[in-house]
Each structure stands twice: as structure tokens, then as C-alpha cells.
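Visitor: I am new to this structure and would love a close look at one part of it. Could you take me to the place where the ligand sits, and then show me some of the surroundings?

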Amino acid sequence: MLFSRLQLAVSGEFAKFSKGQWLETVKFQWRTFKDPNLKRQFKQLSVLGTAALPEDKYEKYEKTVADMESIYSKAKICAYNNSEKCDLSLEPEMTEILANSRNEAELKHIWTEWRKQTGATIRPLYNDYVKLLNEAARLNNFTDAAEYWLNSYDTPDFKEQVAELWKQLRPFYLEVHAYMRRKLREKYGESIVSKRGPIPAHLLGNMWAQTWGNIAELGIPYPDVKPEDITKYLVQQKFTPLKMFKTAEEFFTSINLSPMTEEFWKYSVIEKPKDRDIVCHASAWDFYNGRDFRIKQCTEVSEEDFVTVHHEMGHIEYYMQYKDQPFIYREGANPGFHEAIGDVIALSVITPKHLSRIGLLPNVTQSKEADLNYLMKVALDKIVFLPFGYLMDLWRWQVFKGTIPEKDYNCEWWKLRLNYQGVKPPTVRSEKDFDPAAKYHIVSSTPYIRYFVSFILQFQFHEALCTRAGEFDPNNPSEKPLHQCDIYQSKEAGNLLKTVLEMGSSKPWPDALEVITGQRNMDAGPLLSYFAPIHNWLKEENKKSGEYVGWESTEKGDI
Ligand SMILES: O=C(CCC(O)(O)[C@H](Cc1ccccc1)NC(=O)c1ccccc1)N[C@@H](Cc1ccccc1)C(=O)O
Ligand SMILES: [Zn+2]
């Protein structure tokens, strides 16, 4: 517990410092300032955050979040059918089983035991946390914590914009959901996967059913043109976590972005330590001295973790590009920007063209079938994620506003999971459970709508950078399809991206978006055109098979 006492002491010190700074700024009538830059800096400085709490409540807040995160990070369960082996952690053991096991009973065991370890114990802490975070929000002149979190987008109709984007993308998600439900029914049988109901959440290759890429082989459109499994090649070529990081770094430098610093290689933690429990959820850290940037990731040699390495390194690149901005501007243009950078690079890296170019795949067969197989795999990670990325904060905004009372936390969670994702729990749930706490961002108080925003923006960025790299022509999209674009070694694309990264949060995010794409709003267009071939194929396929598109909310025999 020494570490957490240290952590509490440091955050207390930082809170005192930032409150001092804040008291300085509120002395000024900054709203009347003429200089837009000075006004913007004071506006951002005027939001103090949780440090606005009185010292005793601030410490209670920090301790509550630290305790929730500690329970989550230390939770272990016993293996299926082996009550002797009880040292399974979320990473790597449970994650690996959810990804690779096709034993329904084992999947149900892991899914349920994890929630047993992270639900009931965290639930009372969460209730305290909500009260304290709302109190902090009010001290910052927000009505509640939902408005405080939404302030990061500084966009009056932001919630409406997100709802509109989901409305445009939901029909595509329904086609993917219907198609995968049929494939899962063929695999596990109708007693487990019904014809017209929601999909049981434990069968989808991921602890939260947020991405389904790990069960891509169950839904591959043309199995005889089976794409190679990258993990197999990473292992075969004896990739280590370090080599995964070096390979990712080389992509960023190939487009004229910065190499990782000496401190980065010296201080990052890229493998799970054997001797102590750490928070394994990946993260990227800025030490605000222009040199010390670090990633903490319990990296396994797998395709999924190779993509995550790029995601985390995207954060580091952003840190490095805006390091000379005033302190208050060393952030993303909005939180969705920060989450999108690494994923944009990964959209080029995961193309068969790029993977074979760097020797991670044998030279690939170009064909319509191979293309559709690839697009299905990417859709299972990108389209599938959207409803989850949305509902996480739909639930929390309502909890912060009090529209979801404490007594209904779990029931309302599963209503959202049913309504947006069309998934259901494999075992009966009650208000003794607290399933939102099974997800890291809930226990660590990390907002989540940033990832929904990122998944829209990253396709707008991808289209713009691919155009700049000459890898895509918006006037002739069929000649070079966007999903085959690889911006590797394009300094033009990298320099365009760099201009936005250097800006940090010095300008409103529509200005930053306009620099890259020429547009000032989030737009589902590039995402829909990237996936158009597989979207059409799925509509045809579901019509041919007569699969019911959508799901019924109550099933015969279900509660
Ligand atoms: O959580 C992550 C990756 C970790 C992170 O890089 O977003 C990390 C989360 C975190 C960790 C500790 C404290 C706060 C947030 N975020 C950062 O490291 C970060 C956040 C803001 C600025 C710079 C870095 N991804 C999400 C969503 C996602 C993204 C991409 C693909 C799949 C899924 C998830 O796994 O559910
Ligand atoms: Zn991130």
C-alpha cells in the first residue's frame, strides 16, 4: 500500500498547486479579453477539475478511484474445471481465453467469474465516486459531471451530433450483427444463439463484446481465400514486445514523425512484470519536460497487441509534437483526436499490402474475395465497436445526472447493452452485480465517448492522408480503394498530420479538423465509403439467408 500512499500524496500536492494557479486566473475578467489566444488560455485554466474539492473530499475522491482501480487490477479467478488453478488475471490469461476458446461453458465461466470479482465489491465505492465527482463538477460551475466531461468538446450540440452519427451507422451495424449471429448459431447451436434475439455476450471474442475481430474466422466470407493469421507470423518470426515497438516506431519515422526518445526506451514498461501487480491496461504518459514520455503495456505477441502498440505510440507522437506549446495547450484538439492518431497509422499497417511489405505476411493474393475477407475482419473491430463506444457514456451521463438511480445501475446497463449492441448476458444478472465495473474505464473514471469520436475521425483522417500520399483519389475511388491505402514512407502525409499534432489544443477542434480534411465537422461518410463493399455484401448475404436483421428485446423464456 506504500505506492498508493505515495500516489495520494503526489496528487494532493498537485491539487494544491493547481488550486493556487486557478485562484490567480479567477482574479482576471478574462471573459472580456480581446486577444483570442489569451482568452482561450484563461478559459481552459479556469476549469480546475476535481482539485476544486475541499482537501478532505479530494482525498476521499482520489482514494475511492484508486481503490476501485486496485480491486480491478488485482482481481484473479480460477480456471474452468480446475479449482486448484486460481491465478488467472484479466491480462493475459482471461483475455486470451475469451479470444481463442470456442468452449461455450468455459467462456461462460470466465465471463461470469470476472464479473463476480469486479462487481459487488466495487459497487458501493462507485456510488461514493459519483457523489464526489458531481460535487467537484458543481464547484467548477457545471450542473453535473456529465456536463463537466462534455466540456472537453466545447460544442453546444455535441450529444446531438453523436446521436446523428450513430443513426447513420446503426443500419450497417445491424447487418454485421445479423450475419455474425447466424454464424455463431451455426457454431454453437440454436439453444445458445437464437434466430431473432440478442447475441450472448461471452461468445464474441472479447470480455466486453466491444470488438469481435477475434472470432473473424467464424464469419469469413470466402474461407478458401483464408487470410493468414498475423499472430502466427509474429510468433514464427520471433517477434518480442520490443521488436513490436521498434517496428511501430519505424512506421512513424518513415512518414517524418519523431522517433521515441532515449527516456522513452529507458523508462517505458512494455511487458508485464513477474514480481508485482501493475495496472495492465495500456496507457501513454507525458512527463511535460519535452523528453520523458512513456508507455505502460503488458504486451503479448499478438496481432491485437501489435495494433495497440500503434495506438499507444500515437499518443506519444502527439505529446512530442505539441511539447513546445504552453502547458495548458498540451492536450489533443479534443480527446477523440488523441485516441485517433495511432489508429489512423494502424489502418495502413494492418493492410495485407503493408504487412507483406514488411515481411509479416507472404505476398498476398489480390482478389475481390480476399478484399471482402479483409474488410469483414476490420468491420468486426471498427463497426462493432461503435455501439459500445456510445453506450458507455450514455450510461454514465444518466448516472451522473441521476436519471439512472443507484438501485437501477445494473438493469439500466443491460437495457443499453441490449438496445445499442444487441447483446445479452450469458447468466442471469441482478442488482447484486455491477457489470459496468468489469470495464477498466468505469473504475478508472476515464471518459469513453472519445473512442466513438476517434472511430469516426480516424476514417476522415485516413481518407485525407491517403489522398495527400497519392494512395487514394476521391474523384476515382474505385481505382485505388481507400481500404487498400498504406501511407508508409509518405512524408507529405506525415507532414500534414504533423501540422495538426503541433497545434495541441491551441485552437478549437473544428479548426484542427479543417487543416487535415478541409471540413469542420465529424462525418460518417469516409467510414461508410471505406466499408462500402462489405456493407453491400452483407445486405445481399443476409437477404439470401433470410436472416432476421435486428433483435427482439424479450425472448421466450428469458426474464
Ligand atoms: O483504453 C484503450 C487504450 C488505452 C488508452 O491509450 O486509451 C489509455 C486509457 C487510459 C489509461 C490510463 C488513464 C487514462 C486513460 N489512454 C491514454 O493513455 C491517454 C489518454 C489521453 C491522452 C493521452 C493518453 N482503448 C479502449 C478503446 C479501444 C480503442 C482502440 C481499439 C479498441 C478499443 C479500450 O481498450 O476499451
Ligand atoms: Zn488511447
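Visitor: By class, how many residues of the shell around ligand 1 are nonpolar, polar and charged?

Guide: Happy to help! Please keep in mind that this is a predicted model. The shell around ligand 1 has eight nonpolar and eight polar residues, along with five charged ones. Altogether, 21 residues surround the ligand, and the closest are His281, Glu312, Lys439, Tyr448 and Tyr451.

Let us see where this shell comes from. Five elements each supply at least two of its residues: strand S2 (283–286), helix H12 (303–321), helix H13 (335–349), helix H18 (440–443) and helix H19 (449–468). Of these, H12 gives the most, with four residues.

Now look at the oxygen atoms of ligand 1. One oxygen atom is 2.8 Å from an N or O atom in the side chain of Glu312. For Glu339, the distance between an N or O atom of its side chain and an oxygen atom of ligand 1 is 3.1 Å. Ala284 takes part through its backbone, where a polar atom is 2.8 Å from an oxygen atom of the ligand. As for cover, ligand 1 on its own has 740 Å² of accessible area, and the protein covers 80% of that.

Lys439, one of the closest residues to the ligand, also has an aromatic partner. Its charged end sits over the ring of Trp208, 3.9 Å from the ring centre. A second arrangement of this kind involves Lys382, whose charged end sits over the ring of Phe455, 4.7 Å from its centre.

From here, we can follow the aromatic rings through the rest of the model. The structure holds 44 aromatic pairs. Among them is the edge-to-face pair of Tyr173 and Trp551, with 6.5 Å from centre to centre and 80 degrees between the planes. Tyr173 lies in helix H8 (residues 158–188) and Trp551 in the segment after helix H22 (525–545), so this pair ties together parts that are 378 residues apart in sequence. Tyr173 is buried, with a relative accessible area of 0%, and Trp551 also counts as buried, at 13%.

Phe385 and Phe388 make another pair: their ring centres are 6.3 Å apart and their planes are at 65 degrees, so the pair is edge-to-face. Here both partners lie in helix H16 (residues 385–401), three residues apart, which is about one turn of the helix. Phe385 and Phe388 are both buried. Elsewhere, ring pairs link Tyr61, Tyr126, Tyr129, Trp149, Trp395, Phe400, Tyr409, Trp413 and Phe434 into a cluster.

Two buried residues with polar contacts round off the tour. Asp486 is in the loop between H19 and helix H20 (491–503), and at 2% relative accessibility it counts as buried. Its side chain is joined to that of Arg357 by a polar contact of 3.0 Å. A polar atom of the Asp486 side chain also lies 3.0 Å from the backbone nitrogen of Tyr488. The other residue is Thr118, found in helix H5 (residues 104–118) and buried with a relative accessible area of 0%. A polar atom of the Thr118 side chain lies 2.9 Å from the backbone oxygen of Trp114.

Terms used
Residues are numbered from 1 along each chain as its sequence is written. Chains are lettered from A and ligands numbered from 1 in the order in which they are written. This is a predicted model: local features need pLDDT of at least 70, side-chain atom pairs count only at pLDDT 80 or more; totals for chains, interfaces and linings use all residues. Side-chain values use heavy atoms; hydrogens and water are left out. A residue is near a molecule or strand if one of its heavy atoms lies within 4 Å of it. A polar contact is a pair of N or O atoms within 3.5 Å; within protein, one must be able to donate a hydrogen and the other to accept it, and residues adjacent in sequence count only if both atoms are side-chain atoms. Accessible areas come from the Shrake-Rupley method with a 1.4 Å probe; for residues, only the protein chains shown count as cover. Ala, Val, Leu, Ile, Met, Phe, Trp, Tyr, Cys and Pro count as nonpolar, Asp, Glu, Lys and Arg as charged, and the others, Gly among them, as polar. Rings of Phe, Tyr and Trp (its six-membered ring) pair if their centres lie within 6.5 Å; planes under 30 degrees apart count as stacked, over 60 as edge-to-face and the rest as tilted. Buried means under 20% relative accessible area, exposed over 50%, partly exposed in between (1.4 Å probe, protein chains only). A charge sits over a ring if NZ of Lys or CZ of Arg is within 6 Å of the ring centre and within 35 degrees of the ring normal.
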